[in-house]
Amino acid sequence: GGSVLLLTGPPGCGKTATLQILARDLGLQVQEWTNPLSLDFPKEDLRNMFGHDSNFHTFPSQAQAALFQDFLLRANKYNKLQMLGESSENDKKLILIEDIPNQFYRDPGSLHEILRSFVRRSRCPLVFIISDNFSGDSNQRSLFPTEIVKELCISNISFKPVAPTNMMKVLNRIAAAEASMNRENCTLDRTSLELLCRGCSGDIRSAINSLQFSSTKGKSYGFKKKSCTIKCEEAGVSKVRKKSKCDTSEDQEIQAIGGKDASIFLFHALGKIIYCKREAVPEAECPQLPAHLSEHQRDTLLIQPEDIVEKSHMSGSMFNLYLHQNYVDFFSDIDDVVRASEYFSTADVLCSNWSTRLVMESYSASVATRGVIHSNTSRASAHQQGGMGFRPLHKPQWFLINKKYQENCIAAKSLFSSFCLPPECLQTELLPYLAMLANPMRNQAQIAFIQDVGRLPLKRHFGR
């Protein structure tokens, strides 16, 4: 119902390309804002900006924000010039904002005021494109909080990364077209294309650039399958080992050619651990456990938990916190939950000593993730897809509890300052006794705090 659209998603998933194609099909003219590279200042202004008493870093950004506001209002107010012979039917347009001025990241309120004035006078749609970063969608939250989205009726379309199957189709089509034109490029085989897709993490723009870069003939950065095979044969290793070494070498070359930072979003990383997909391996290649350990037999994992934690760009303890909040919903057997909780306890003990916590965090995350994966017997083999199916993931309740705890400490210290006790002792030793007394205090704020903190709720079953 509004005139503002927000497109979000990872880089290279087709946000801008989709908008341009739709605008062309609908006959819309796209007017795009680009941040000015340089601003012309008088010499006196430059001298004042770099003086000792000046706050020089605010002047260019404020000027940029003013230019942005002027661009929006002009683009919304005036139509394009109609040349001789042109019809007025093609006068429709939309405004595209992909390069947002930095001033708005520091002061989102100024952007909100500009948008309010735009929506009141809007004659054409306004589209913002924001690419996600791997630390979360903090840019989207700060620039477009929920209350502004509701107030201005901003629509939001979220793009997903390009699926590897779709990316393979595009790269095969490009390779076939290049081969038919007899270009002087070496064509890559299917295995090389799959490795290239894997290294681009759903970014089709990066994949196409990497395909062009790696297909160039006569360069030192091309694929070297032949040399790899010769080296393996000279070493006299077995066929299986030869294949794995060549694959590793190719994989490293692909990453060197065009591989992106293979970071993954937090909830995506949690899903990889919780759903723990496996592949079936023939018994001849995989040694079987003895009979008394047969219950611990598992198929080979498709992931490495340590790599997943590393690519999530989170500390091991924080990743364990998110995993601990969500793992129970994906277990169907209470015995499996007991085993997984024991692994969490062990992981917690590893990080209990502050002096060694930074060193032990990676071990703690490894114990927790592998413990959760191994404990879920409903997903022990590749053909088993047991458990509870799809469940939404949630952030840890620990954040809310810790915030409440900090607030309680401040309130206890201010309300019961006459007892000269630290907040922890007040809440764990003194207040429970005061709560049992009939009328210990006359201050209403103290009474309310005692009733809130000093007594447990009289429920038979506590929530998680």
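How many of the five residues of strand β3, residues 93–97, are buried? Five of the five, so to speak a full house, and the strand is mostly covered. Before I go on, a reminder that what you have on screen is a predicted model.

Okay, let's stay with β3. If you look at one side of the strand, you find K93, I95 and I97, and on the other side L94 and L96. All of those are buried, and that leaves both faces of β3 covered. Yes, the lysine too: K93 is in that buried set.

Now, who are the neighbours? On one hand there's β2, residues 29–33, which pairs with β3 in the parallel sense over five bridges. If you want a pair to click on, Q31 stands opposite I95. On the other hand there's β4, with three bridges to β3, again running parallel. There, take I97, whose bridge partner in β4 is F128.

Follow β4 along and you get to β1. β4 covers residues 126–131, and six bridges join it to β1, also parallel. L5 has V127 as its bridge partner in β4. Then β1 pairs with β5, residues 155–158, in the parallel sense over four bridges. The pair to look at here is L6, opposite N156 in β5. And how many of the six residues of β1, residues 4–9, are buried? Five of them, so β1 is largely enclosed by the rest of the structure.

Right, on to helices. Generally, you describe two packed helices by the angle between their axes and the distance between the axes. So have a look at α8, residues 164–180, and α10, residues 204–214: the axes come within 11 Å and cross at roughly 35 degrees. The crossing of α8 past α10 is right-handed. From α8 the contact uses M167, V170, L171 and I174, and from α10 it uses I204, A207, I208 and L211. Sort those by class and you get eight nonpolar residues, no polar ones and no charged ones.

Another helix I'd like you to rotate to is α15, residues 316–326. Its buried residues are G316, F319, N320, Y322, L323, Q325 and N326. What do the buried residues of α15 pack against? Quite a list of helices: α13 (266–275), α14 (305–311), α16 (334–350), α17 (357–375) and α18 (398–415).

Next, a loop. Between β6, 278–279, and β7, 300–301, you'll find V281. Is V281 buried or partly exposed? Its relative accessible area is 27%, which makes V281 partly exposed. Leaving aside residues up to four places away in sequence, V281 touches C286 and T300. For T300, that's 19 residues away in sequence but 6.9 Å apart from V281 in space, C-alpha to C-alpha.

Last bit, cysteines. How many disulfides does the count give? Zero. Two cysteines to compare: C124 comes out at a relative accessible area of 7%, so C124 is buried. C153 has 42% relative accessibility, so C153 counts as partly exposed.

That's my tour; happy to rotate back to any of it.

Definitions and conventions
Residues numbered from 1 in each chain as written. Predicted model: local features only at pLDDT ≥ 70, side-chain atom pairs only at ≥ 80, totals over all residues. Heavy atoms only, no water. Buried < 20%, exposed > 50% of the residue type's maximum accessible area, 1.4 Å probe, protein only. Helix = DSSP H or I, 4+ residues; strand = E, 2+ residues; numbered from the N terminus. Contact = heavy atoms within 4.5 Å. Pairing = 2+ DSSP bridges. Axes fitted to C-alpha atoms, helices over the stretch in contact; angles between N-to-C directions. Left-handed = near helix turned anticlockwise from the far one by under 90°. Nonpolar A, V, L, I, M, F, W, Y, C, P; charged D, E, K, R; others polar. Disulfide = S-S within 2.5 Å.
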